Amino acid sequence: MTATPREADPKSFIKGATGDWEVVVGMEIHAQVNSEAKLFSGASTAFGGAPNSHVSLVDAAMPGMLPVINGECVRQAVRTGLGLNAKINDRSVFDRKNYFYPDLPQGYQISQYKSPIVGEGEVVVDLEGGKQITVGIERLHLEQDAGKSLHDQHPTMSHVDLNRAGVALMEIVSKPDIRSADEAKAYVTKLRTILRYLGTCDGDMEKGNLRADVNVSVRRPGEPLGTRCEIKNVNSIRFIGQAVDTEARRQIAILEDGGSIDQETRLFDPGRGETRAMRSKEEAHDYRYFPDPDLLPLELQADEVAALRRDLPELPDAKKARFVAAYGLTAYDCDVLVAEKEAADFFEAVAKGRDAKAAANWVINELFGRLNKEGKDIGSSPVSATQLGGILDLIASGAISGKIAKDVFDIAWTEGSEPAAIVEARGLKQVTDTSAIAAAIDEVIAANPDKVEQAKAKPTMIGWFVGQVMKKTQGKANPQAVNDLLKEKLGI
Ligand code: MN
C-alpha cells in the first residue's frame with residue numbers, strides 16, 4: 001500500500017519576510033516493544049531497577065556471548081506492522097550498525113538496515129475540523145536500545161547503567177508527508193494510540209518508551225524538497241510541535257538571509273525554545289553496516305502472520321467507524337472516545353441499553369473533565385461505568401433532573417456510593433408532585449407582584465420565576481412541570 005503524495009495546503013504555510021514557506025516533516029519514532037525480556041537476551045525489561053540489575057552477559061557484550069532472538073519481540077513487530085496496514089516482509093536481516101558510545105558495550109547496535117521486518121504502510125491522522133490526512137510509513141525495523149550514561153553520580157567520573165541496553169525498539173519511519181507542527185503532533189498522537197491498542201508499546205513518553213526524531217525542512221510551495229535537519233529524541237508531543245515550528249523558522253530566517261541549510265543533527269531545548277547543532281549528519285556508510293554473522297536471517301511463516309492478523313484487536317479507525325454508525329455520534333465525539341481503548345470500553349459499558357448521546361456527553365464532559373482536572377486516568381476513575389450508568393437511569397426515569405445528577409456524580413466521585421442509594425439517602429428525588437410545585441409557585445407569585453406584572457408584558461421573565469421556584473425546592477422540582485405550571489398561573 002502506498003500513500004498518495006500530499007497536496008500543498010496554503011493554510012499551513014509559514015509567512016516569511018519574502019513570502020510563503022511550506023514545512024516538510026518526516027519522523028522516526030523509537031517505540032519500546034512491550035516484552036518481558038530483551039531483544040536478544042533473557043534479561044528483564046522492567047523499568048526502574050537498581051542500575052545494572054537487569055544485565056545479562058549478552059547485554060554486557062562479554063566475549064563469546066551469542067544473541068538469541070526473542071520470538072515475542074518479533075510477534076510484536078509483526079502485530080504493529082499489521083496495525084499500520086503495512087507490508088510484512090517474510091524475510092528480514094539483522095545488521096551491525098557500528099559506532100562508539102560509552103553506553104554501547106558491543107561497539108555496535110544490532111539493527112535492520114536493507115531488509116527490515118516491516119515495509120510500507122500508512123496511518124490515517126485526524127486533524128481539527130474533521131480533516132484527515134494519510135501519512136505514509138516507509139518501514140519499521142527492530143533494533144536494540146543502548147544503555148544510559150549517568151553524569152551526576154560522581155564529581156569527576158561518569159557511570160553507566162546498562163539496564164536498557166539490548167531492550168527491543170521498533171523504529172517506525174514515516175514518509176515526509178507531514179506539513180505542519182499540528183500535523184506532526186496529531187501523527188504521533190495517532191501512532192501512539194494504535195500502538196497502545198495493539199499492546200505492542202505502552203507509549204509512555206515520560207519514561208522514554210516512545211521518542212521522536214523529527215526531520216524538518218522548508219521549501220517554497222511547489223519546489224523540490226529542501227535540505228533537512230534532524231531533531232533528535234524529542235520526548236513529548238507538545239515539544240514535537242514546538243521543535244517543528246522553531247526549526248522551520250530558524251531555517252526560513254537563514255534562507256531569507258541568502259544562506260543555506262547544513263544537513264545536521266540538532267537538539268531541541270524546550271527551556272530556551274531553540275534547536276542547536278549537535279553533530280553534522282552521518283551518512284549510512286559511516287556506520288559500516290554489515291549483516292550480523294551471529295544471527296540468521298529472520299524468516300516468518302505465512303500461517304504465523306495470518307494467526308497474528310486474526311488475533312488483532314479492533315483498532316481505533318474501525319472502532320470510530322462503528323461508533324459513528326452504531327451510536328449516531330459525531331466524528332469528533334468518537335475521536336475523543338476512541339483515543340484510549342479503556343475509555344472506549346467504559347463508554348460502551350455506559351451506553352449499553354441506554355441513550356448513547358447522553359452517555360457520550362456524560363463520559364466526555366463530566367467524567368473526562370473531572371479525570372483531567374485531577375490528573376487521573378480512566379483506569380483509576382473513582383466513578384465506575386456501572387455507577388455512571390445508574391445516574392443516567394435515574395435521569396431517564398425522571399427520578400432526578402440533569403442538574404441534581406451532577407451533584408449525585410460529585411457525591412459518587414468523592415464517597416463512592418451507588419447513585420440510587422445517594423438519591424434515596426439524601427432525599428434528592430425530583431418533585432413531580434404538582435401540588436407541591438404549585439405551592440412553591442404560589443409563594444413566589446405572592447411575594448413578587450411587581451415581577452408578575454412585568455412577566456405579563458415580557459414573557460421571557462418566566463426564567464426568573466423558574467429560578468426562584470427551583471431555589472425554593474432545592475433544585476428538586478421537575479423543570480418541565482415548573483415551566484408548565486408557571487405559564488398557567490401567570491397567564492402567559
Ligand atoms: Mn534507530
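**View 1. Glu 143 at the manganese ion.** With a relative accessibility of just 2%, Glu 143 counts as buried. This close-up, like the others here, comes from a predicted model. Glu 143 gives an OE atom to the manganese ion, and the other protein donors are His 30 through NE2 and Glu 171 through OE. These donors lie 2.0 to 2.2 Å from the ion. Along the chain, the donor residues follow the spacing H-x112-E-x27-E. His 30 sits in strand β2 (residues 19-32) and Glu 143 in strand β7 (residues 132-144), so this pair links distant parts of the chain, 113 residues apart. His 30 is also buried, at 10% relative accessibility.

**View 2. Where domain 1 meets domain 2.** The domain assignment splits the chain into domain 1 (10-308), domain 2 (314-426) and domain 3 (434-490). Here we look at the contact between domain 1, which brings 11 residues, and domain 2, which brings 12 residues. Their C-alpha centres are 36 Å apart. About 850 Å² is buried between the two, and carbon and sulfur atoms account for 52% of that area. There is polar chemistry here as well: 4 salt bridges cross the interface, and 5 residue pairs are in polar contact across it. On the domain 1 side, β6 (121-126) and α2 (181-198) each put in at least two residues. Helix α2 gives the most to that side, with 7 residues.

**View 3. A salt-bridge network with Lys 190 and Asp 317.** Five residues join up here: Asp 126, Lys 190, Asp 317, Lys 320 and Asp 335 are linked by salt bridges. Within the network, Lys 190 and Asp 317 come to 2.6 Å, N to O. Lys 190 belongs to helix α2 and Asp 317 to helix α5 (residues 316-327), so their bridge ties together parts 127 residues apart in sequence. Lys 190 is buried at 8% relative accessibility, whereas Asp 317 is partly exposed at 36%. Another link in the network runs between Lys 320 and Asp 126, at 3.2 Å from N to O.

**View 4. Two more salt bridges, Glu 120 with Lys 175 and Asp 182 with Lys 185.** A search of the whole structure turns up 44 salt bridges. In one of them, the side chains of Glu 120 and Lys 175 meet at 2.3 Å, N to O. Glu 120 is in the loop between β5 (108-111) and β6, and Lys 175 is in the loop between β10 (168-174) and α2, so the bridge ties parts 55 residues apart in sequence. Glu 120 is partly exposed at 27%, while Lys 175 is buried at 15%. Asp 182 and Lys 185 make a local bridge instead: both lie in helix α2, 3 residues apart, about one turn of the helix. Their closest N and O atoms are 3.9 Å apart. Asp 182 is exposed, at 54%, and Lys 185 is partly exposed, at 28%.

**View 5. Positive phi at Asn 52 and Ala 61.** Most residues other than glycine have a negative phi. Asn 52 has a positive one, near 60°, and Ala 61 has a positive phi of about 60°. Asn 52 lies in the loop between β2 and α1 (71-83), and Ala 61 is also placed in the loop between β2 and α1. Asn 52 is partly exposed at 38%, and so is Ala 61 at 29%.

**View 6. Asp 9, ahead of β1.** Asp 9 is found in the segment before β1 (14-16). Its relative accessible area is 14%, so Asp 9 counts as buried. Beyond its neighbours within four places in sequence, Asp 9 is in contact with Glu 22 and Lys 131.

Conventions:
Residues numbered from 1 in each chain as written. Predicted model: local features only at pLDDT ≥ 70, side-chain atom pairs only at ≥ 80, totals over all residues. Heavy atoms only, no water. Donors = N, O, S within 2.8 Å, 3.2 Å for Na, K, Ca; no water. Helix = DSSP H or I, 4+ residues; strand = E, 2+ residues; numbered from the N terminus. Buried < 20%, exposed > 50% of the residue type's maximum accessible area, 1.4 Å probe, protein only. Domains from an automatic or database assignment. Contact = heavy atoms within 4.5 Å. Buried area = accessible area lost by both parts, 1.4 Å probe. Polar contact = N/O pair within 3.5 Å; in protein donor to acceptor, adjacent residues only side chain to side chain.
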